[in-house]
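Visitor: Could you take me through the charged side chains of this chain, with a close look at how they pair and where they remain unpaired? I would like the setting of each one described with care.

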Amino acid sequence: MIEVNELTKRYGGTTAVNDLSFTVRPGHVTGFLGPNGAGKSTTLRMVLGLNDPTGGTVTIDGHRFRDRPRGLRHVGALLDAHDVHGGRSAAAHLSVLARSNRIPRRRVDEVLEEVGLAAARRRRISGFSLGMKQRLGIAAALLGDPPVLVFDEPLNGLDPEGVKWVRGLFRRLAAEGRTVFVSSHLMSEMENTADQLVVIGRGRLIAAESLTEFAARGTRLSVSVRTPDAATLASLLTEEGAAVGQDADVLTVTGLSAARIGELAFHHRVPLHELTTSAASLEEAFMELTADSVEYLAGEPR
Ligand code: ADP
């Protein structure tokens, strides 16, 4: 269990983390979500005792991480996949970690096997792709067989097969009763990975709840309509008071039910090829709730 209590971190005039409190429980994969610059990495660094908070506390299973000798047996972490000695082989890198944490040597081979790097164990890390480095970082996190695991953007650089593997691994680790805390700036990455969410924006807590509860916050239901006569239908729907977006022959309509749209189309002899109501999506809820806290909007001059 990770307990974050009124945590604050200031860098000069920048408040990276602002009075943040949440709990990450064992037995779940908890996604740590927020736009770039929201304060995720800063929070994770404080969880792992790499940065000192300006205020507040973080404990892991009741202890501060720094107070634990042989830390890798208590908490495994992947913060930055590039943060490795490139001149070493994968096996040598893990062996150094194992020795300094008094972890049996056999764990090195076990975790290399587990992450799919057994065949590359003797290769220098400098020749590894980002995806391979992510796998190596995950191997290092697993080395001490810890009850708590923390990963900062672990899906970056993984190919689709790698993403599928990592999701399965996280779910298995959680099912074994471990605490699994995974950050991402993309809702789409968390949708099939996490079952609990901690969402932050500009260093502040936005939500800490299940994925299902979070999705229910997306308030606007929209209806997708495909028709060869999109222009006619769009103006009919607008006259009825709907908000209509158009992308080629597909209209995205809010403010009118699918039934009403179907009736209007029928009445005006507009053929419909598709009519679908989309439930409030996670992505939509995420966009709505974090809109105010996005540091740089796409297209905005920097
Ligand atoms: P995220 O991981 O969510 O992208 P970060 O924790 O990296 O966010 O950054 C949060 C904020 O803190 C950003 O505005 C960032 O510029 C600032 N920040 C992070 N680290 C430092 C630092 N060492 N010195 C000054 N500002 C920092």
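Guide: What follows turns from the chain as a whole to its salt bridges, then to a patch of charge, and last to some residues of the backbone and interior.

The model is a predicted one, in which local features need pLDDT of at least 70 and side-chain atom pairs count only at pLDDT 80 or more, while totals for chains, interfaces and linings use all residues. Residues are numbered from 1 along each chain as its sequence is written, and side-chain values use heavy atoms, with hydrogens and water left out.

The chain has 10 helices and 13 strands, where helices (H or I, at least four residues) and strands (E, at least two) are DSSP runs numbered from the N terminus. Its C-alpha trace spans about 75 × 45 × 40 Å along the principal axes. Of the 302 residues, 46% are buried; buried means under 20% relative accessible area, exposed over 50%, and partly exposed in between, with a 1.4 Å probe and protein chains only. The chain carries 35 positive and 36 negative charges, whose mean positions are 12 Å apart; Lys and Arg count as positive and Asp and Glu as negative, with His and the chain ends not counted, and each charge is placed at NZ of Lys, CZ of Arg, CG of Asp or CD of Glu.

A salt bridge is a side-chain nitrogen of Lys or Arg within 4 Å of a carboxyl oxygen of Asp or Glu, and by this rule the count comes to 13. One of them joins Glu110 to Arg106, with the closest N and O atoms 3.0 Å apart. These two residues are separated by about one helical turn, because they stand four residues apart in helix α3 (residues 106-114); Glu110 is partly exposed at 34% relative accessibility, whereas Arg106 is exposed at 52%. Another pair lies in helix α9 (residues 258-267), where Arg260 and Glu263 are three residues apart and so again about one helical turn from each other. The closest N and O atoms of the Arg260 and Glu263 bridge are 3.5 Å apart, and both partners are partly exposed, Arg260 at 31% and Glu263 at 48%. Arg64 also forms a salt bridge with Asp67, at 3.4 Å between the closest N and O atoms, and Asp67 is partly exposed with a relative accessible area of 48%. Beyond such pairs, Glu114, Asp145, Arg172, Glu176 and Arg178 are linked in a network of salt bridges.

As for unpaired charge, Arg88, Arg99, Arg105 and Arg122 form a positive surface patch, a patch being made of residues with over 30% relative accessible area and no salt bridge, with like charges joined within 9 Å. Arg88 lies in the loop between β5 (75-78) and α2 (90-100) and is partly exposed at 31%.

Two acidic residues deserve a look for their backbone. Phi of Asp19, in strand β2 (residues 14-24), is near 55 degrees, a positive value in a residue other than glycine, and Asp19 is partly exposed at 44%. Asp61, in the loop between β4 (55-60) and β5, has a phi near 45 degrees, also positive, and is partly exposed at 35%.

For the interior, consider Val223 in strand β10 (residues 222-226), which is buried at 4% relative accessibility. Apart from neighbours within four places in sequence, its contacts (heavy atoms within 4.5 Å) include Leu251, Val253, Ile261 and Thr277. Val223 and Thr277 are 54 residues apart in sequence, yet their C-alpha atoms are 4.3 Å apart.

Notes:
Patch = residues over 30% accessible without salt bridge, like charges linked within 9 Å, V, L, I, M, F, W, Y side chains within 5 Å. Areas by Shrake-Rupley, 256 points an atom, 1.4 Å probe, with all protein chains shown as cover.
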